[in-house]
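Pull up the model and keep the sequence beside it. We'll go from the overall layout down to single side chains.

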Amino acid sequence: MTIARRFATMLFAASIVATMAGCASTSTKEGTGEYVDDAVITTKVKASIFNEPTLKSTEINVETFKGAVQLSGFVAQPQDAVKAGELARGVKGVATVKNDIRVK
């Protein structure tokens, strides 16, 4: 009975380690917590752009990976692209902003 109990304990410990390793982040993959944080940042940046009356939020895309926000899409004026970048930088949790917005 002790051998079976030890084996079960080792199996349980191994499954815990495997589960924790699956949630860890790498340079190309976010961890679970980072994914949630990035989703919140993306939502806040989109809301900030949406609340700016001079910008068409439907034409600006926002993606976030490990706190780095990437803006893409099209705007009518160069100052609109600058304004979107400024709004994104003003959101708490944003580490960097890559502004790939183009003027049409």
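Let's begin with the parts list: the protein chain has three helices and three strands. Going along the sequence, they come in the pattern α-α-β-β-α-β. Keep in mind that this is a predicted model. Of the 104 residues in the chain, 26% are buried. The chain exposes about 7,300 Å², and carbon and sulfur atoms supply 62% of that area. Among contacts with a separation of 6 or more, 62% are between residues 24 or more positions apart.

Now for the strands. Strand β1 covers residues 60-65 and runs antiparallel to β2, with six bridges joining the two. One spot to click on is asparagine 61, whose bridge partner in β2 is serine 72. The hairpin that connects β1 and β2 has two residues between the strands, and lysine 66 takes a positive phi there, near 55°.

On its way to the next strand, the chain leaves β2, passes through helix α3 (residues 78-89) and arrives at β3; this β-α-β crossover is right-handed. Strand β3 (residues 96-103) runs parallel to β2, and eight bridges join them. You can follow that pairing at two places: alanine 68 has threonine 96 as its bridge partner in β3, and valine 75 stands opposite valine 103.

Stay with β2 for a moment and look at its two faces. In a regular strand, side chains alternate between the two faces of the sheet. In β2, residues 68-75, the covered face holds Val69, Leu71, Gly73 and Val75, while Ala68, Gln70, Ser72 and Phe74 are on the uncovered one.

Over in β1, isoleucine 60 is a good residue to zoom in on. Is isoleucine 60 buried or exposed? Its relative accessibility is 6%, and since the cut-off for buried is under 20%, isoleucine 60 counts as buried. Leaving out residues up to four places away in sequence, isoleucine 60 touches Ile49, Leu55, Ser72, Val75, Ala84 and Ile101. Two of those names, Ser72 and Val75, also turned up in the β2 faces, with Ser72 on the uncovered face and Val75 on the covered one. For a sense of distance, isoleucine 60 and aspartate 100 are 40 residues apart in sequence, yet their C-alpha atoms are 9.8 Å apart in space.

Next, the charges. Side chains of opposite charge can pair when their charged atoms come close. How many salt bridges does a search of the whole structure find? It finds two. In one of them, glutamate 59 pairs with lysine 104, the closest N and O atoms being 3.1 Å apart. This pair links distant parts of the chain, 45 residues apart: glutamate 59 is in the loop between α2 and β1, and lysine 104 is in the segment after β3. Glutamate 59 counts as partly exposed, at 25% relative accessibility, whereas lysine 104 is exposed at 63%. There is also a salt bridge between aspartate 100 and lysine 98, with 4.0 Å between the closest N and O atoms. Lysine 98 is partly exposed, with a relative accessible area of 49%.

Then there is a charged residue that goes without a partner. Glutamate 52 lies in the loop between α2 (32-50) and β1. Glutamate 52 is buried but has no salt bridge, and the nearest side chain of opposite charge, lysine 83, is 4.1 Å away. Why doesn't that pair count as a salt bridge? The cut-off asks for a side-chain nitrogen within 4 Å of a carboxyl oxygen, so lysine 83, at 4.1 Å, misses it. Apart from neighbours within four places in sequence, glutamate 52 is in contact with Lys83 and Leu87.

Last stop: glutamate 86, which sits in helix α3. Glutamate 86 is partly exposed, with a relative accessible area of 47%. Its C-alpha atom is separated by 8.9 Å from that of valine 97, eleven residues apart from it along the chain.

Note on methods: Residues are numbered from 1 along each chain as its sequence is written. This is a predicted model: local features need pLDDT of at least 70, side-chain atom pairs count only at pLDDT 80 or more; totals for chains, interfaces and linings use all residues. Side-chain values use heavy atoms; hydrogens and water are left out. Buried means under 20% relative accessible area, exposed over 50%, partly exposed in between (1.4 Å probe, protein chains only). Helices (H or I, at least four residues) and strands (E, at least two) are DSSP runs, numbered from the N terminus. Two strands pair if DSSP finds at least two bridges between them. A crossover is right-handed if, with the strands pointing away from the viewer, the path from the first strand over the helix to the second runs clockwise. Lys and Arg count as positive and Asp and Glu as negative; His and the chain ends are not counted. Contact means heavy atoms within 4.5 Å. Accessible areas come from the Shrake-Rupley method with a 1.4 Å probe; for residues, only the protein chains shown count as cover.
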